[in-house]
Amino acid sequence: MNKMKMMAWLFLLFGCCACTTEQEEWEGNMEADEVRVASAVNDFSMTPIKTRLEKGENLRFIVEAWKREEASGGYSTRMVRQEVKSEETSATFSFELAEPGDYRLLFWADYVDTDATQEGGMFADKHYATGTEKGLKSVGINKESYQLNVNKDAFYAMLDFTKEAGKGVSLETQSLKRAVAVLELKEKSEEAYRYSKSFSVSYEVPSAFNVATGKPEAGSTIAVDVSDIPVPGGSEPDENGCYALCRDYIFASAGEGYTIPSVILKGKNTINADERTKELANVKVARNQTTVVKGSNLLVSEESIPAEARFTVALGTDSKSLSPIFGGFNGRSSEGPQWTNATFTDLVGWMSPSIVRYPGGTLANSWNWREGGIMGKEIKNPYLISDLVVGLPGYTQIVYVMNVVNPTPETGYSETTDEETLKSDEVLQAKIKDALEALAAFETAGRLPVAVELGNELYFNNLDKYKDYGIYMANPVQYMAHVPVIAQAIKEKYPEMKIILCTSKGGNGNSTRDTWNNGVFEGLAQNGELNNLVHGFVQHHYIDASVGSQAVITTDAEAEAVIAQGFQYVQNVQADYERISEGKKLWITEYGLAEAGNAMCDRWVNGLEYLAMSMSWINWADKVETIQLQHITLTPGVLNEAKDKLSSVGVIYGELLRAVKGADRATPIIVTAADAADAETAGKLYGWKFTSTADADKQVLLLLNPTAAELTDVDLSGTAFVGGMSAIQYWSDKPYEDVAGSMTVGNGINREEMKGTRHILRPFSLSVFTSASENQK
């Protein structure tokens, strides 16, 4: 028995359906028994197909061939079914038919996920059930996965043809038609929209569509019931001043369409979540048309809308430019976890630091980078350059702290070498060579640091710790004698490398800190060539343990006072900001709570104290190049005691790092109160909105409630979120208690996702607002 080979070519063409040059070539090159056909989708009035293909979805094309049986006179035997997923707007089918005769081709196209795979020749149905015995004669709805506000567009076509034995056939291009109607519900009142929090909707729709007839199956319906739909707060109105609530795709015929008997809406407001029920009767939809139902107060009653919000959040005008490496960590991790630990690197990836300091603080002055540890000590957790580079997110930059103090074994010298020799040019050149080789190791690993920090905290004068500071201990003259040689050598090899010098926050005016700072700045003033090589200066800042890591907190008032210390500290060191001359940058490569790492450092309010301090540095962003929290493996604090989850500092500071990543502007918020009695509380709310001039989707607002009060009806509609906003709020029911096993989300830390623009801020809470598009990335 001869077999007829049929090739069905399905193309989605953005133009007319006339025969193309390619089709004419088919006709001139037909083989015996070959059938070819092209199809085109040209119903674009509701949904641009091309944009859909950019949202992580592909078109799925299905073709079925049904043979007409003489006995019944119907097309009752399915001979072929094939599916193709296409990243483009076209697809090709090739299959064989065994017999000549009358055939009916049924075509279908809908959307599946980009990563969908075939099993048994079929892709898993997403929104529509096509794989039943009836196939495309009864395309059903996947009720269990029924969703609103997603792309459920679908297209169909039917073609009858006769195949004669031994003859090729070239069929005219067939145009796929849209199988669905679109229903949109919109709120006309801006006030009602702003006070709408969530809603449920229920109605009946046709349950199946017959491609052969081009109509929904008569009398077959299902009940749609979707609950807890968040209102996309902060969305912009359409050209008619209406706000979108939901969108659905519904099987319908052309012309007479389908009438939904009743649409039941149950809405909740943002004030007290009271429910309001509203019915919309006899809503008619038609294939390839959008039916828009607009109304006022669809979800909330007019009576439930207050005349004015209790608190209103707006954006200030004094925005700041942010460095691309503004937020990061001091990368000290010599005590573990290692950077080969996937659990740890996943946590780092979530926190999203823009920069990490290697190898850390004082240990850098005795660091052997080749071994990944401190010289003279057992190295239990090697901290190697290659491991760090692989473990860091691809966008994270590195600042390398050069070991200027104790020569590594590779140099041929050591800390036991006499002092005069250690001061010699011979030893200095050996240390420079060692540092350049370290930079080369970074480069080979694929991540050259952006800056080299020349030594750590050399201003201390403590003979008991001479080995930590060596020949430079409280000796800025010796330091500034060697710095020009080091800087010149690094710049010759790496011209774009930033050189940053060791300085200190100010002391009492006569301290070794002040003596050191004066020596460094005077040395630069006398050496213009060196001044041109230096990018900035390092400072380290720590809040005293008595009001930080070891603060006694037994009352809400004491908790508020501890968080306030984060703000107060930065205000108190304003002179350190002013000390940095114009054109130079301030690198805060360590900051946090003094004596951190004790059992109380994971208390929720201490995490908020870190945040208050961290966000306060933004006020200095014109000079501050980077802030690097001390330190990335702080346990407990950043990590929990088991070092497998983020604790309070990690969660809170991580959200700040995520907000800063990719942002180049920070704009402060301004909070006002409707009632004068709330004015003082409004003044305590603090936050910034982070945006990018290059990426309109980058919109993140952090809002800190540092008080013990629950603040109701906080309106953020004036914070200019284009495309809607979503939010997450973090808080703790035990904000200043020590929680067994360290605070983590689910163990002392609560996390709630929110929608809308009106919110309740819980006591001692952090709220993170993002644009809807940013949240989808």
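# A tour of the four-domain model

No salt bridges are counted between domain 2 and domain 3; a salt bridge here is a side-chain nitrogen of Lys or Arg within 4 Å of a carboxyl oxygen of Asp or Glu. The model is predicted, so to speak of local features pLDDT must be at least 70 and side-chain atom pairs count only at pLDDT 80 or more, while totals for chains, interfaces and linings use all residues. Residues are numbered from 1 along each chain as its sequence is written, and side-chain values use heavy atoms, with hydrogens and water left out.

## Whole chain

Start with the full C-alpha trace, which spans about 110 × 70 × 45 Å along its principal axes. Colour by secondary structure: the protein has 17 helices and 43 strands. These are DSSP runs numbered from the N terminus, with helices being H or I of at least four residues and strands E of at least two.

Now colour by accessibility. Of the 777 residues, 56% count as buried. Buried means under 20% relative accessible area, exposed means over 50%, and partly exposed lies in between (1.4 Å probe, protein chains only).

For contacts, heavy atoms must come within 4.5 Å. Among contacts between residues at least 6 apart in sequence, 78% join residues at least 24 apart.

## Domains 2 and 3

Colour the domains next: domain 1 is 29-178, domain 2 is 181-305, domain 3 is 306-319 + 664-776, and domain 4 is 323-662. Such bounds come from an automatic or database domain assignment.

Select domain 2 and domain 3 and hide the rest. Their C-alpha centres lie 30 Å apart. Domain 2 brings 15 residues to the contact and domain 3 brings 16 residues.

How much area do domain 2 and domain 3 bury between them? The figure is about 1,200 Å², with 51% of it on carbon and sulfur atoms. Buried area is the accessible area (1.4 Å probe) that two parts lose on being put together, summed over both.

One residue pair is in polar contact across this interface, with both residues at pLDDT 80 or more. On the side of domain 2 that touches domain 3, the residues are six nonpolar, five polar and four charged. In this count Ala, Val, Leu, Ile, Met, Phe, Trp, Tyr, Cys and Pro are nonpolar, Asp, Glu, Lys and Arg are charged, and the others, Gly among them, are polar.

A polar contact is a pair of N or O atoms within 3.5 Å; within protein, one must be able to donate a hydrogen and the other to accept it, and residues adjacent in sequence count only if both atoms are side-chain atoms.

## Two buried loop residues

Select Thr-89, in the loop between β4 (75-86) and β5 (90-97). Thr-89 counts as buried because its relative accessibility is 17%. Add Leu-59: the two are 30 residues apart in sequence, and their C-alpha atoms are 7.3 Å apart in space.

Move to Ala-116, in the loop between β6 (101-113) and β7 (118-119). Is Ala-116 buried or exposed? Ala-116 is buried, with a relative accessible area of 19%. Leaving out residues up to four places away in sequence, Ala-116 touches Lys-85 and Phe-123. For a long distance line, pick Asn-406 as well: 290 residues separate it from Ala-116 along the chain, and the C-alpha atoms are 57 Å apart.

## Backbone points

Select Asp-228 in strand β18 (residues 221-230). Its phi is near 55°, a positive value in a residue other than glycine. Asp-228 counts as exposed, at 57% relative accessibility.

Next comes Gly-336, joined to Pro-337 by a cis peptide bond with omega about 0°. Pro-337 lies in the loop between β25 (327-330) and α4 (342-351). The peptide bond from Tyr-358 to Pro-359 is also cis, with omega near 0°; Pro-359 sits in the loop between β26 (355-358) and β27 (367-368).

Then go to Glu-595, in the loop between β33 (585-593) and α14 (604-616). Phi of Glu-595 is near 60°, a positive value in a residue other than glycine. Glu-595 is exposed, with a relative accessible area of 55%.

## Last stop: Asp-576

Finish in helix α13 (residues 574-578), where Asp-576 is found. Asp-576 counts as buried, since its relative accessibility is 5%. Show side chains: a polar contact of 2.4 Å joins those of Asp-576 and Arg-579. Which residues is Asp-576 in contact with, leaving aside neighbours within four places in sequence? They are Lys-505, Gly-506, Gln-539 and His-541.
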